[in-house]
Amino acid sequence: SFVLMLVAIAELSLAETVVLAAVAGVVQSLWRPARRPMLVQVLFNPSSLALGAAFAYMVSRVWLQPWWGQSPAAVLAVATLVLYGSNIVMMAVVLALADRKPLSAVWQHCYFWSCPYHLVGTAVAAVMTWTCRASDWPPSLLVLPLMALVFVSYRVHVLQAVARQEQSHA
C-alpha cells in the first residue's frame, strides 16, 4: 500500500488520498490475516495510515510546494520521508507499548527490515507517476507486478532471516 499511497499523494486530492489510505489499512487488517485481528488493530491500522498519508500530503503538496512548484520528484521524495517516518514512528510506539520493550530497540528493528523495501517502493511510485503523466493511468499499472515480485522477495528474505535468528537463539 506504500506505493499506492505515494502515487495518491502525487496525483490525487487530499480527501482521495486519505480515503485510499484508510481503505488500505482495513484491507491489510482483514485480508488473509494469520490470526483473527483484534478490534484495536482494525481501528489502528486504517487510522495510522490515513493520518500518515494526510501528513505526508500536507507537507509535500501544501506546505513545501511554494519552493518547488509541481516537481513530482520533490513531492515523492518528501512524501516518502514523511510517510515512511510517520508510519515507522507510530508503529514502533504501539509495538513498544504492547510488547513493553524500549522504543529505540523496536524502532531500529522496524527500520532495519522496512527501509530497503520502501526505497524500492519509492522508485516504483516514481515510475508509476511519470508513466501516468506521460500516457494516462492504465499503462502505469504495468509496474505493479514488478512491485509484487519485490514484495514477495522481501517477505521471503525477512521470514528466512527471522527463522535463522530464532535458530541461533534456540
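Begin by selecting V89, V93, L97, L103 and W107, which together form a nonpolar patch on the surface with about 460 Å² of accessible area. The model on display is a predicted one. Two elements, α5 and α6 (103-135), each give two or more residues to this nonpolar patch. The largest share, three residues, comes from α5.

Within the patch, select L103, a residue that lies in helix α6. Is L103 buried or exposed? L103 falls between the two: its relative accessible area is 44%, so it counts as partly exposed, a term applied to values from 20% to 50%.

Next, select residues 72-99, which make up helix α5. Place a distance label between the C-alpha atoms at the two ends of the helix; they are 39 Å apart. At 1.5 Å a residue, the 28 residues of α5 should span 40 Å, so the distance in the model agrees with the expected span. Then move to R100, which follows α5 and has a positive phi, near 55°.

The tour now turns to aromatic side chains. How many aromatic pairs does the structure hold? It holds one. To see the pair, select F55 and W63, whose rings are arranged edge-to-face, at 6.2 Å centre to centre and with 70° between the planes. The pair is called edge-to-face because the angle of 70° is over the cut-off of 60 degrees.

Finally, display the surface around each member of the pair. F55 is partly exposed, with a relative accessible area of 41%. W63 is likewise partly exposed, and its relative accessible area is 48%.

Terms used: Residues are numbered from 1 along each chain as its sequence is written. This is a predicted model: local features need pLDDT of at least 70, side-chain atom pairs count only at pLDDT 80 or more; totals for chains, interfaces and linings use all residues. Side-chain values use heavy atoms; hydrogens and water are left out. Helices (H or I, at least four residues) and strands (E, at least two) are DSSP runs, numbered from the N terminus. The expected span of a helix is 1.5 Å times one less than its number of residues. Patches are made of residues with over 30% relative accessible area and no salt bridge: like charges are joined within 9 Å, nonpolar side chains (Val, Leu, Ile, Met, Phe, Trp, Tyr) within 5 Å. Accessible areas come from the Shrake-Rupley method with a 1.4 Å probe; for residues, only the protein chains shown count as cover. A salt bridge is a side-chain nitrogen of Lys or Arg within 4 Å of a carboxyl oxygen of Asp or Glu. Buried means under 20% relative accessible area, exposed over 50%, partly exposed in between (1.4 Å probe, protein chains only). Rings of Phe, Tyr and Trp (its six-membered ring) pair if their centres lie within 6.5 Å; planes under 30 degrees apart count as stacked, over 60 as edge-to-face and the rest as tilted.
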